[in-house]
Amino acid sequence: MQATVARSLVFTGVGLHGGAPVRMVVRPAAPGEGVRFHRVDVADRDPLVHARFDAVVDARLCTMIGNADGVTVSTVEHVMAALAGMGVDNALITIDGPEAPILDGSAQPFVDAIAAVGLAYQAAPRRALRVLRAVRVENGAASAALSPAAAPTVAFDIDFADAAIGRQTCAFAVTPEIFSHELADCRTFVRRTDIDALRAAGLALGGGLHNAVVVDGAAVLNPEGLRRPDEFVRHKALDAVGDLALAGGPILGAYHGVRAGHAMTNALLRALFADRSAWRWEPAPPRADAGGAVAAERMAAE
């Protein structure tokens, strides 16, 4: 069965890149609606933006989606990761600006809020996207691939010259329990040497040590240090979960990113959907969050 959030969730903060204050509310939505963003500050154009892979209009440093009227919402990857990771299929997200709040730089605040209210299971069948054959995109040393698998998994490799990051790898099944305990708290990161250039370009204006890990060579500049020794690569996996959520449903396939970013994961989804022999929609398997959700699904069906 499909699911939405049981009650509305309110988030306030600033956008990572624009730095402007923003209020965002994740609201319940009807079965089959998927995830949509509603720009409540827009009155002269279509304010609705669908969270879909083919709505991505920029993915250089974050994921920005837009509609035919040019209305956009950026930095959607963390809230999308939380929704997908926790098993939310349908949500209407009202937002009063062009960028989602960065909060602490991870998906943990979103996950905590969803967990606090729970899910409302809906009397509508859930579908999943099955990967039928491997699809891969690459650019130099970077690559992203999806291959057939029985359930959603995400793996990532990174390799940075900065000694604080270095070479890291991770691999996880994507279930609500694993996402919430292994990936959700991992924060976005930046190298100190890149900050001036980003701000000169009008980016990272809302960033700081309170919402990003900043590294300088071998040093982590955040006073509290890292939340996990491999927080960097786990955050990349978190981002991938959010970007893959733009497929429109859980992916029964294995994702592997190597030095990949938002743009490459989006290119991978576009390559997958362009090859009709590489995928199919099918009824989703029972949810992985065990007895409570399975029982709730059965009750919703009765």
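**Entry 1: helix α5 and Glu231**

By helix I mean a DSSP run of H or I that is at least four residues long, with helices numbered from the N terminus. The model in front of me is predicted, and I keep that in mind on every page.

With that word settled, I looked up Glu231 and found it in helix α5. Is Glu231 buried or exposed? Its relative accessible area is 1%, and buried means under 20%, so Glu231 counts as buried. I then listed what Glu231 touches, skipping residues up to four places away in sequence: Gln168, Asp185, Cys186, Arg187, Val213 and Leu226. I also found a backbone partner: a polar atom of the Glu231 side chain lies 2.8 Å from the backbone nitrogen of Arg227.

**Entry 2: the annotated binding site**

Next I turned to the UniProt record. Which residues does its "binding site" annotation cover? The entry, which is unreviewed, gives His78, His235 and Asp239. These residues span 162 residues in sequence, but no two of their C-alpha atoms are more than 9.7 Å apart, so they gather at one spot. From this set, His78 is part of the lining of the largest cavity, and I come back to that cavity below.

I took His78 by itself for a moment. His78 sits in helix α1, which runs over residues 77-85. With a relative accessibility of 5%, His78 counts as buried. Beyond four places in sequence, the residues His78 touches include Ile102, Phe110, Thr188, His235 and Asp239.

Then I moved to Asp239, which belongs to helix α5 (residues 231-244). Asp239 is buried as well, at 9% relative accessible area. Its contacts beyond four places in sequence are Glu77, His78 and His262. I was pleased to find a side-chain link inside the annotated set: Asp239 and His78 make a polar contact of 3.3 Å.

**Entry 3: the annotated active site**

Asp239 led me on to His262, since the two touch. UniProt lists His262 under "active site", again in an unreviewed entry. I placed His262 in helix α6 (residues 262-274). At 9% relative accessibility, His262 counts as buried. Leaving out neighbours within four places in sequence, I noted contacts with Ala59, Leu61, Cys62, Thr63, Glu77, Asp239 and Asp243. For Thr63 I can add a polar contact between the two side chains, at 3.4 Å.

**Entry 4: the cavity**

I asked where empty space is left inside the model. Rolling a probe the size of a water molecule over the atoms shows this. How many cavities of 30 Å³ or more are there? I counted one. The largest cavity has a volume of about 30 Å³. Its lining is made by Thr75, His78, Val79, Ala100, Pro101, Ile102 and Phe110.

Thr75 made me stop. It is a residue other than glycine, yet its phi is positive, near 55°. I found Thr75 in the loop between β8 (72-73) and α1, and Thr75 is buried, with 5% relative accessible area.

I looked up Arg259 too, which has a positive phi of about 55° although it is not a glycine. Arg259 lies in the loop between β19 (251-258) and α6. At 45% relative accessibility, Arg259 counts as partly exposed.

**Entry 5: the two sides of helix α3**

Which residues of helix α3 (residues 176-183) are buried? I wrote down Pro176, Phe179, Ser180 and Leu183. Their arc around the axis is only 120°, which puts them on the same side of α3. A general rule helped me picture this: an α-helix has 3.6 residues a turn, so residues three or four places apart point the same way. On the other side of α3, I found Glu177 and His181 exposed. The buried residues are covered by elements including α1, α2 (108-117), β14 (153-159), β15 (167-173) and α5.

**Entry 6: Val14**

My last stop was Val14, in strand β2 (residues 9-14). Val14 is partly exposed, at 28% relative accessible area. Beyond four places in sequence, Val14 touches Gly19, Ala20, Pro21, Val22, Ala100, Pro101, Ile102 and Gly206. I also checked Val14 against Pro31: they are 17 residues apart along the chain, and their C-alpha atoms are separated by 30 Å.

Methods: Residues numbered from 1 in each chain as written. Predicted model: local features only at pLDDT ≥ 70, side-chain atom pairs only at ≥ 80, totals over all residues. Heavy atoms only, no water. Helix = DSSP H or I, 4+ residues; strand = E, 2+ residues; numbered from the N terminus. Buried < 20%, exposed > 50% of the residue type's maximum accessible area, 1.4 Å probe, protein only. Contact = heavy atoms within 4.5 Å. UniProt positions renumbered as here; feature names shortened; annotations may be inferred. 1 Å grid on protein atoms, 1.4 Å probe; cavity = no way out; pocket = protein on both sides within 12 Å on 5 of 7 lines; lining within 4 Å. Polar contact = N/O pair within 3.5 Å; in protein donor to acceptor, adjacent residues only side chain to side chain. Arc of directions from axis to C-beta. Points joined across faces, edges and corners; volume = space filled by probe spheres on them.
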